[in-house]
Every structure is written in structure tokens, then in C-alpha cells.
Amino acid sequence: MADFHIRVYKDNDHMTVRKLFANGLEEYIPPFRKYVLTLPRTRLFLLGVHIAILMGFQCSYISALQATLCAAAAWCGTLSFVWLGANYTFSTYIQRSLKEDMLDIQKSYIQKKRTCFWVAESNGKVVGMVAARPYSASNGETTVELLRLSVSKEHRGQGIGKALCRTVVNFGRQEGYESVVLDTSMIQYAGRKLYESFGFTLINSFIPPFFIYRLLHFCVLTYSYNIHTHN
């Protein structure tokens, strides 16, 4: 077990926490690109382009060199679109978050009732973080939301993620919440494995109301943890 402890956020953690948040999300850009490239619709598009070029070559509309160049251009164009699209999607979310709740963590989490923000510290260095805030559940439950969970790459596999989850659950129990919920994406496999091993249950999946997510059929998953059941 790693030598770490969890404490409430302090003002001098601000820059480290923001960097940890951004770095953690940027790690999902390559998996997102891979997801897009393996989509059936992406493969069909590339296959359609290849067939069209091949038919043009067979009908003597274009030369062999032109066909090769067109195929290469189609592949490069698709890869560039995926590359830039992934960067834009994640960087937009990161920048928006840094300008919203992550801009003033004291105001967003520490100064509000039934809300908190914690960091995991190891050898005097912040290596993880998590937040909790009230969540408006449609079924009327008193629910707390777990969010902004991140652990630095160098300190994963040491139980810090589970300890941060446990911190939110214990906070929820102390504050009288009935359950904990969180949202994660379909490509955040390590995070999903962590939540499921802790006892969270998948209760919903949805596609955010943005064109890029609908185009790619990219789902956000909602997990729930019943505090009373796990007493």
C-alpha cells in the first residue's frame, strides 16, 4: 500500500489540481481517436472512398497514380479529422471546466454546504483529487455526485483511487445522503473498472446533446452506489 493521506483542498493546491485534472483528461484523447477509427461508419466511409477510386481507375477516369494519391488523401484527411476532432472535443471540455467549477475551488466546493473537495497527498505532493456536490436525482433521492476524480499516472495501482471513492461515500453517509452517483465515458475503461470493483452499478447510458457525440454515438455512463446497502 502506498504512503499517502487524503485531506481537504487548500488554496496552495490550486495550480497542481488544475494541472492534474487537465492531464488526466488528455490521456483519453488517444483512446477516443482509436474508438472513432474503429467505428463501423468510419470503416464504411473509407471503404466507400476506396471503391469509388477503384471504379474510377477501372473506367479509365483516373490513372493508377491518381488513384493512389486519392486513396492516400482520403486516409490522411480522415486521420486528420479524427486527430483534430479528438483534440478539440477534449480541450473544449477541459477549458470550459477550468473556467467554471475548477476556476475557484474554494467557492465551488469548500464554501458551500454539503459539498467538498479533497486531494491525496504523497511525500508532500498532491497526486490525486476528488470532489462531491449535491445531485438532483429524478427519483427524489438525496444523492451526492462524485466528480473530478483523478490520480496521477505515476501513482496509480496503489489504492488511491479507491480511497478517494471511499472518502466521498463516507462524506455522503455523514451528510445524510442516500446514494452516490457519477458520470464517466464509455472509453474510460480504467475508471469504470475502479468504480465497479468498489461497488458502483451502471444505471444509465446516454448520448450528450452535441452534434459530435451524436455523430459518433459516443455514450456517457451513469453509475450509482447505494450508501445504505453497503453499510
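Helices and strands are here DSSP runs, numbered from the N terminus, and contact means heavy atoms within 4.5 Å. With these terms, the predicted model can be read element by element. Helix α6, residues 160–174, lies across β1, β2, β3, β4, β5 and β7. The direction of α6 makes about 160° with that of β4.

The strands under this helix belong to an open sheet of seven strands. Their order across the sheet is β1-β2-β3-β4-β5-β7-β6, and the pairing is mixed. At the edges stand β1 (5–8) and β6 (201–206), each of which pairs on one side only. From one strand to the next, the twist averages 30°. A further helix, α1 (residues 14–26), also packs on the sheet, where it touches β2 (116–122), β3 (125–136) and β4. The angle between the directions of α1 and β3 is about 80°.

The mixed pairing can be followed from strand to strand. Strand β4, residues 142–151, runs parallel to strand β5, residues 179–185, and three bridges join them. One residue to find here is V144, whose bridge partner in β5 is V180. On the way to β7 the sense is antiparallel: seven bridges join β5 to β7. In this pairing L182 has Y223 of β7 as its bridge partner. Strands β7 and β6 are also antiparallel, with five bridges, and L202 stands opposite Y223. Strand β7 is mostly covered, with six of its seven residues buried.

Next comes the interior. In soluble globular proteins, nonpolar side chains tend to be buried together. The largest nonpolar core in this model has 29 residues, and L146, V180 and F200 touch the most other members. Two or more residues each come from β2, β3, β4, α6, β5, α7 (189–198) and β7. Helix α6 gives the largest share, seven residues. To see the surroundings of L146, leave aside its neighbours within four places in sequence; the residues in contact with L146 are then V130, A131, C165, V168, V180, V181, L182, Y195 and F200. Apart from this core lies another, of 17 residues, among them V17, L20, I94 and L98.

C165, one of the contacts of L146, has a relative accessible area of 0% and is therefore buried. C116 is buried as well, at 11%. The structure holds zero disulfides.

Aromatic rings form another set of contacts. A pair of aromatic rings is described by the distance of the centres and the angle of the planes. The structure holds 11 such pairs. One of them joins Y195 and F200, with 5.8 Å centre to centre and 70° between the planes, which makes it edge-to-face. Since buried means under 20% relative accessible area, Y195 at 8% counts as buried, and so does F200 at 4%. Another pair, F198 and Y225, is tilted: the centres are 5.4 Å apart and the planes make 45°. This pair links distant parts of the chain, because F198 is in helix α7 and Y225 in strand β7, 27 residues apart. By the cut-off of 20%, F198 is buried at 15% and Y225 is buried at 7%.

Ring pairs link Y195, F198, F200, Y223 and Y225 into a cluster. Within the cluster, Y223 is the residue already met as the bridge partner of L182, and F200 is one of the residues that touch the most other members of the largest core.

Key
Residues numbered from 1 in each chain as written. Heavy atoms only, no water. Pairing = 2+ DSSP bridges. Helix = DSSP H or I, 4+ residues; strand = E, 2+ residues; numbered from the N terminus. Axes fitted to C-alpha atoms, helices over the stretch in contact; angles between N-to-C directions. Buried < 20%, exposed > 50% of the residue type's maximum accessible area, 1.4 Å probe, protein only. Disulfide = S-S within 2.5 Å. Core = buried A, V, L, I, M, F, W, Y, C linked by side-chain atoms within 4.5 Å. Phe/Tyr/Trp six-rings, centres within 6.5 Å; stacked < 30°, edge-to-face > 60°.
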